[in-house]
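The exercises below are meant to be worked through with the sequence and the coordinates open side by side. Each begins with a task and is followed by a solution in steps.

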Amino acid sequence: MTPVELSRTVLRAVRCAVDEGELRVAVPERAQVGPPGPGGCGDYATSIALQLAKPAGQPPLRVAEVLRSHLLRTGAVADVVVTGPGFLNISLPDDATAALVEEILRAGVRYGHSDAFAGQVFRLRAPDEVRAVTYVDVLARILRSQGAVVRAEGESGNGSGGLRPERPDWVDVLGLRLESTEERNEPATPTTPQVHTLPIRPVPAPGDPLPLGRDAGRWALLYPAPHDRPPLTAEHLSQREGNPLFRVRYAHARTRALLRNAADLGFRPEPGPVTDPAAPELLAVLGDHPRILRAAADRRAPDRLARHLVTVADALQPLLPTVLPLGAEKPSAAHRARLALAEAAGTVLAGGLSLLGIDAPDHL
């Protein structure tokens, strides 16, 4: 079960409590779930009871107990423990980890892609400025990953040939190839599709990103929020932990190296329960990847995806030293399960980098 699915399960519990007259509140649109905080337990925690206590006119602990009983009735969770002022700590069945890992590995780099925007056409209008054109290139990829049809246009919006980078070196160095709908041979849209015209105007780049090359240049333009001025410094090329792009690409390369090393030792990844202390946080951010892609598309914010990849890389790091057997230790089911989880994380990193137009090397 992914955090998005668990959020829906929590909301169903709220709805059941409302339907049965135990709570008198408006059912919220979303229930926030995440790794348990200090003093918590289980796989995930939610503060939904504290959120609903005031409108329900009941103490948070009473609301939490009501929701706990409904959550346990769903059969989708193994246990629910109430801690602190009313936090719900949720434990998933033992096969939940394997199910998420299997889902990611089955989908590959397309994990998180959906048909959320199917039947919708997005016309992205941007000035002929390098950061704006890079945004259009990446937003087109992200929106298409959610089922949309995308057309790129200059700010005049005349639609004659679409938006084309004025400088050929933007194409040669940054890989900015803005394909039209016709060039991609998109499937036909409904006869009356929803058409959205969106101006794309991030704060312009203060200089020329081309000396950074394709990967670092794109990252430098995309990682800051659109309202922030992107720093175009050589720090984006540094091979150290202070560089977020390096952490993401290094984490991906480590997962590929682990797969090669495991093959040399005669074992392969096999999804299963992972009891490593690093697993809950990593599983939470992997399960959140589809929501992040949808949010990046919905808010036209590729920086959300870039920052999420850094979060995945940082959550993966503590798991890596435990994946392979140490010394004379023989490979076990636990090693195979941890290897599968690491492979799933590497797959999410590769898919996210691909949407940003950045290479995910197997060796770094």
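**Exercise 1. A histidine and its surroundings**

In which helix does H308 lie? Establish also whether H308 is buried or exposed, and list what H308 touches beyond its sequence neighbours.

Solution. Bear in mind throughout that the model is a predicted one.

Step 1. Locating the residue along the chain places H308 in helix α12, which spans residues 302–316.

Step 2. The relative accessible area of H308 is 5%, and because the limit for a buried residue is under 20%, H308 counts as buried.

Step 3. When residues up to four places away in sequence are not counted, H308 touches V285, D288, H289 and I292.

Step 4. As a distance check, the C-alpha atoms of H308 and R68 are separated by 30 Å, with their positions 240 residues apart along the chain.

**Exercise 2. Two residues of one loop**

Determine which of R30 and L23 is buried and which is partly exposed, and describe the contacts of each.

Solution.

Step 1. The loop between α1 (3–19) and β1 (33–34) holds R30, and L23 likewise lies in the loop between α1 and β1.

Step 2. L23 has a relative accessible area of 1% and is therefore buried, whereas R30, with a value of 38%, is partly exposed.

Step 3. Leaving aside neighbours within four places in sequence, L23 is in contact with A17, V18, A56, Q58, V63, V66 and L67. For one of these partners, A56, the C-alpha to C-alpha distance from L23 is 6.1 Å, although the two are 33 residues apart in sequence.

Step 4. Under the same exclusion of sequence neighbours within four places, R30 is in contact with S7, L11 and R291. By contrast, the C-alpha atoms of R30 and L259 are separated by 37 Å, at a spacing of 229 residues along the chain.

**Exercise 3. The loops on either side of α12**

Work out what is notable about the backbone of R300, and decide whether L319 is buried or exposed.

Solution.

Step 1. R300 sits in the loop between α11 (289–298) and α12, while L319 is found in the loop between α12 and α13 (333–355).

Step 2. Most residues other than glycine have a negative phi. R300 is not a glycine, yet its phi is positive, at about 55°.

Step 3. R300 has a relative accessibility of 24% and so counts as partly exposed, whereas L319, at 0%, is buried.

Step 4. Apart from residues up to four places away in sequence, L319 touches D276, A278, L282, R338, L341 and A342. Among them, A278 is 41 residues from L319 in sequence, and their C-alpha atoms are 5.7 Å apart.

**Exercise 4. The annotated domains**

Using the UniProt record, state where the two domain features are placed, and give the helix and strand content of each span.

Solution.

Step 1. The unreviewed UniProt entry places the feature "domain: Arginyl tRNA synthetase N-terminal" at residues 4–92. This span is 45% helix and 17% strand, and its end C-alpha atoms lie 14 Å apart.

Step 2. The unreviewed entry also places "domain: DALR anticodon binding" at residues 248–364. Here the helix content is 64% and the strand content 0%, with the end C-alpha atoms 11 Å apart.

**Exercise 5. The chain as a whole**

Assess whether the radius of gyration agrees with that of a compact globule, and summarise the surface and charge of the chain.

Solution.

Step 1. The chain contains 13 helices and seven strands, and its C-alpha atoms fill a box of roughly 60 × 60 × 35 Å along the principal axes.

Step 2. A compact globule of 364 residues would have a radius of gyration near 21 Å, and the 23 Å of the chain agrees with this.

Step 3. Of the 364 residues, 50% count as buried. Among contacts with a separation of 6 or more, 74% come from residues 24 or more positions apart.

Step 4. The accessible surface comes to about 16,600 Å², and carbon and sulfur atoms contribute 50% of it. The side chains include 41 positive and 42 negative ones, and the centres of the two sets lie 3 Å apart.

Technical notes. Residues numbered from 1 in each chain as written. Predicted model: local features only at pLDDT ≥ 70, side-chain atom pairs only at ≥ 80, totals over all residues. Heavy atoms only, no water. UniProt positions renumbered as here; feature names shortened; annotations may be inferred. Helix = DSSP H or I, 4+ residues; strand = E, 2+ residues; numbered from the N terminus. Rg over C-alpha atoms; globule rule 2.2 N^0.38 Å. Buried < 20%, exposed > 50% of the residue type's maximum accessible area, 1.4 Å probe, protein only. Contact = heavy atoms within 4.5 Å. Areas by Shrake-Rupley, 256 points an atom, 1.4 Å probe, with all protein chains shown as cover. Lys, Arg positive; Asp, Glu negative; His and termini not counted. Charge placed at Lys NZ, Arg CZ, Asp CG, Glu CD.
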